[in-house]
Amino acid sequence: DVCFLSWQTASPEAQISWKETEGFDVTYLPDSQQVDSAVNQAFIKQFVAENDIDILLNQGADVPLYRLFGKEDKCRVVNVLHGDPDWLFMRRRLQSFPAGSWKPSRWKSLLRYLYIKLFPALSDKRVKEILREDVCGAAAYVVLHPSFVDKILNYTKLEAAAKRLTAIPNPVWPSSLQTKAEKVILYAGRFTRADKRLDRLLRIW
């Protein structure tokens, strides 16, 4: 059996369409504001136990779910990175100024923003540390291209952990998207500049 956990709650129409089309149910995390909140982590832990989950695929590898499960637990976490490892650094550097920073509850976000902007080298060092923890903490770490494995090994200096890394490329190749139309772009992805670089589409011609 396969279970799906989603962070952001979709509209009722989208949920119905998803279920009817794909034939499976989607369970939504209770806290839609912060994906790695204590509430969501407790929910995931309980969900895994109640559904007797063997393998948890952490799509995006943004949340250290491996910390929820120890060696004594049955469940194993597989981190899946969607994108070039280089953008882990760029995405952090391109963070926007946190909204509502004047509120005491947002001061932590403000301090983190200033730290990244004022000390980018130290910020990059922290990204490498997080990446090292994500690779070592998971049962396996999946990337989209073999060259990304080399990049991660270079950043983390974890030659001994190379066996944890594997590449599974996207199944759609450019040769399968041939068209006779001129100056037509098909873009399939989210509208974020930091990791998708939509600005490059504007410079094609």
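# A walk through the model, from loop to core

At 47% relative accessibility, Asp52 counts as partly exposed, because that class lies between the buried limit of 20% and the exposed limit of 50%. Keep in mind as you look around that this is a predicted model. You will find Asp52 in the loop between helix 2 (38-50) and strand 3 (55-59). Its backbone deserves a glance too: the phi of Asp52 is near 55°, a positive value in a residue other than glycine. Most residues other than glycine have a negative phi.

Another aspartate makes a good second stop. Asp25 sits in the loop between helix 1 (12-22) and strand 2 (26-28). With 58% relative accessibility, Asp25 counts as exposed, because the limit for that class is over 50%. Follow the chain back to Leu5 and you will have gone 20 residues in sequence, yet the C-alpha atoms of Asp25 and Leu5 are 9.1 Å apart in space.

Now let us turn to the interior. Nonpolar side chains tend to be buried together in soluble globular proteins. The largest nonpolar core of this model has 17 residues. Those with the most contacts inside this core are Val135, Tyr141, Val143, Ile152 and Leu165. Two or more residues each come from helix 3 (86-93), helix 5, strand 5 (140-143) and helix 6. Helix 6 gives the largest share, with 5 residues. Apart from this core lies another one, of 12 residues, including Val48, Ile53, Leu68 and Cys75.

Tyr141 is a good place to pause in the 17-residue core. Leaving aside residues up to four places away in sequence, Tyr141 touches Ala61, Asn79, Leu81, Leu131, Asp134, Val135, Ile152, Arg164, Leu165 and Thr166.

Helix 6 is worth following from one end to the other. Its buried residues are Phe148, Val149, Ile152, Leu153, Tyr155 and Thr156. Viewed down the helix axis, these buried residues fall within an arc of 165°, so they line one face of helix 6. An α-helix has 3.6 residues a turn, so residues three or four places apart point the same way. The packing partners of the buried residues in helix 6 are helix 3, helix 5, strand 5 and strand 6 (165-167).

One of these partners, helix 5, can be examined in detail. The axes of helix 5 (residues 120-137) and helix 6 (residues 146-156) come within 9 Å and cross at roughly 115°. The crossing is left-handed. On the helix 5 side, the contact is made by Lys128, Leu131, Arg132 and Val135, while helix 6 brings Ile152, Tyr155 and Thr156. Sorted by class, this contact has 4 nonpolar, 1 polar and 2 charged residues.

Which residues does Thr156 touch, not counting those up to four places away in sequence? They are Lys128, Leu131 and Arg132. Thr156 lies in helix 6 and has a relative accessible area of 2%. That value makes Thr156 buried, because the limit for the buried class is under 20%.

Step just past the helix and you reach Lys157, which follows helix 6 and lies in the loop between helix 6 and strand 6. Lys157 has 60% relative accessibility and counts as exposed, whereas Thr156 is buried. Lys157 also has a positive phi of about 60°, although it is not a glycine. That brings us back to where we began, since Asp52 too has a positive phi without being a glycine.

Note on methods. Residues are numbered from 1 along each chain as its sequence is written. This is a predicted model: local features need pLDDT of at least 70, side-chain atom pairs count only at pLDDT 80 or more; totals for chains, interfaces and linings use all residues. Side-chain values use heavy atoms; hydrogens and water are left out. Axes are lines fitted to C-alpha atoms, for helices over the stretch in contact, and angles run from 0 to 180 degrees between N-to-C directions. Helices (H or I, at least four residues) and strands (E, at least two) are DSSP runs, numbered from the N terminus. A crossing is left-handed if the near helix is turned anticlockwise from the far one by less than a right angle, and right-handed if clockwise. Contact means heavy atoms within 4.5 Å. Ala, Val, Leu, Ile, Met, Phe, Trp, Tyr, Cys and Pro count as nonpolar, Asp, Glu, Lys and Arg as charged, and the others, Gly among them, as polar. A nonpolar core is a set of buried Ala, Val, Leu, Ile, Met, Phe, Trp, Tyr and Cys residues joined through side-chain atoms within 4.5 Å. Buried means under 20% relative accessible area, exposed over 50%, partly exposed in between (1.4 Å probe, protein chains only). The arc is that of the directions from the helix axis to the C-beta atoms.
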